[in-house]
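Welcome, and please take a moment to look over the model before reading on. The report below walks through its helices, strands and ligand site.

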Amino acid sequence: MAQLQNEFSWSKSRHEKFDECRRAYFFAYYGSWGGWEAPAGSQVRELYVLKKLSSRWQWAGSLVHDALKKALARAKGTGELPPLEKVLEQVRAKARAEWAGSREKSYWREASRIVGLVEHEYGEAVADADWKRLYEQVVDGSLRAFWASPVLDEIRRTPRERWLTVDELDSWDFEGTKIWVAIDFAYRDADGRVHVLDWKTGKERGVDHVQVGTYALYAQRKWSVAVDSVVGGLVYLVGNGVPGGERVSVSADAAALDACTTAMRSSIAAMKATLEDPARNLAREDVFPRLEERDRCRRCPFRRPCGRL
Ligand code: SF4
């Protein structure tokens, strides 16, 4: 088998990590590279396992995303969306198994498919009531909200041949850099406009224009659609006091796409400027400083190897 290369690429999550903490960015994209085949006990293996761990909120969000992907992919193939009660039952069983495996730290024995929680790794105290509330509000609540939402009605009304993607990972080229993107759901409406939807399971309700912009740029290329015919849709599944499932539309006009293009260009240039050897995508740890403010390290998965326990 050909040896895998740590090729430089860009994604919104990489951009966020670069912004949050340079050392964490180094650990996630360079220090952990090759960790899937590194011997247990080595630092590269440790960094690789730690970068795969999630906070409990991220884990809850991924349970929702995975369940919606599975249900909608099945509906795309068969025309039948599984009943909500069946989905809830399957997700509950999956969540229980993953939580129990994480509590035993079984992720240290896995070669690649790692599901684990930062809270378990670092022995953080989380009350049973907090786990329960997280599950009921984010996982159960989001799935129920989705099944009752106008967005699902819209999806059901749209003929399946106009469903464009269900959370498939894809990439495109931007000025020589590979850009990774996975759109939760996209469809073409009767007027030819392409809607790119993103399921939100967090409480914040701000609009991330870089995210919507990258989706729109991808949609333009992938589905040959004009700039003004792409509509971004953020679907807030956790109600936070009001019923969940509200869709907020965000248009991606030429000015917004220009701003997004500029942001991507400068983010890529800043990342490349940190490299020891940009042609081979090689980086040196000491070029990536730790955060000054230790308070911001409290939830970081790398806090042990970083010396910030
Ligand atoms: S522990 Fe703090 S300084 Fe170290 S990688 Fe994490 S966020 Fe950065």
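What follows covers a helix pair, the strands and the ligand surroundings in turn.

Please keep in mind that this is a predicted model.

**The helix pair**

Let us begin with helix H4 (residues 56-78) and helix H7 (residues 128-147), whose axes come within 10 Å and cross at roughly 25 degrees. Since angles under 35 degrees count as roughly parallel, H4 is therefore roughly parallel to H7. The crossing of these two helices is right-handed. On the H4 side, the contact is made by Arg56, Ala60, Gly61, Leu63, Val64, Ala67 and Leu68. Facing them from H7 are Leu134, Tyr135, Val138, Val139, Ser142, Leu143 and Phe146. By character, the residues of this H4 and H7 contact are 11 nonpolar, 2 polar and 1 charged.

**Strand pairs**

Now to the strands; some pairings are set side by side here.

| Strands | Sense | Bridges |
|---|---|---|
| E1 (residues 9-10) and E4 (residues 177-182) | parallel | 2 bridges |
| E3 (residues 169-174) and E4 | antiparallel | 6 bridges |
| E2 and E5 (residues 185-188) | antiparallel | 2 bridges |

Individual bridge partners help to fix the register. Serine 9 has lysine 178 in E4 as its bridge partner, and phenylalanine 174 stands opposite threonine 177 in E4. E3 and E4 form a hairpin with 2 residues between them. In that turn, glutamate 175 has a positive phi of about 50 degrees.

**The open sheet**

Which order do the strands of the open sheet take? The 5 strands are arranged as E2-E5-E6-E7-E8, and their pairing is mixed. Strand E2 (163-165) and strand E8 (246-251) stand at the edges with a single partner strand each, so one side of each has no neighbour in the sheet. From one strand to the next, the twist averages 25 degrees. At the E2 edge, tryptophan 163 has tyrosine 187 in E5 as its bridge partner.

Helix H9 (residues 209-222) packs on this sheet and touches E5, strand E6 (194-200), strand E7 (230-236) and E8. The direction of H9 makes about 135 degrees with that of E7.

**Around the ligand**

Finally, which residues are around the ligand? Cysteines in this shell are Cys21, Cys297, Cys300 and Cys306. Arginines are represented by Arg23, Arg290, Arg296, Arg303 and Arg308. Ala24, Leu291 and Phe302 complete the list. Taken together, the shell divides into 7 nonpolar and 5 charged residues, with no polar ones.

Methods
Residues numbered from 1 in each chain as written. Predicted model: local features only at pLDDT ≥ 70, side-chain atom pairs only at ≥ 80, totals over all residues. Axes fitted to C-alpha atoms, helices over the stretch in contact; angles between N-to-C directions. Helix = DSSP H or I, 4+ residues; strand = E, 2+ residues; numbered from the N terminus. Parallel < 35°, antiparallel > 145°, perpendicular 65-115°, else oblique. Left-handed = near helix turned anticlockwise from the far one by under 90°. Contact = placed C-beta atoms within 7 Å. Nonpolar A, V, L, I, M, F, W, Y, C, P; charged D, E, K, R; others polar. Near = placed C-beta within 6 Å. Pairing = 2+ DSSP bridges.
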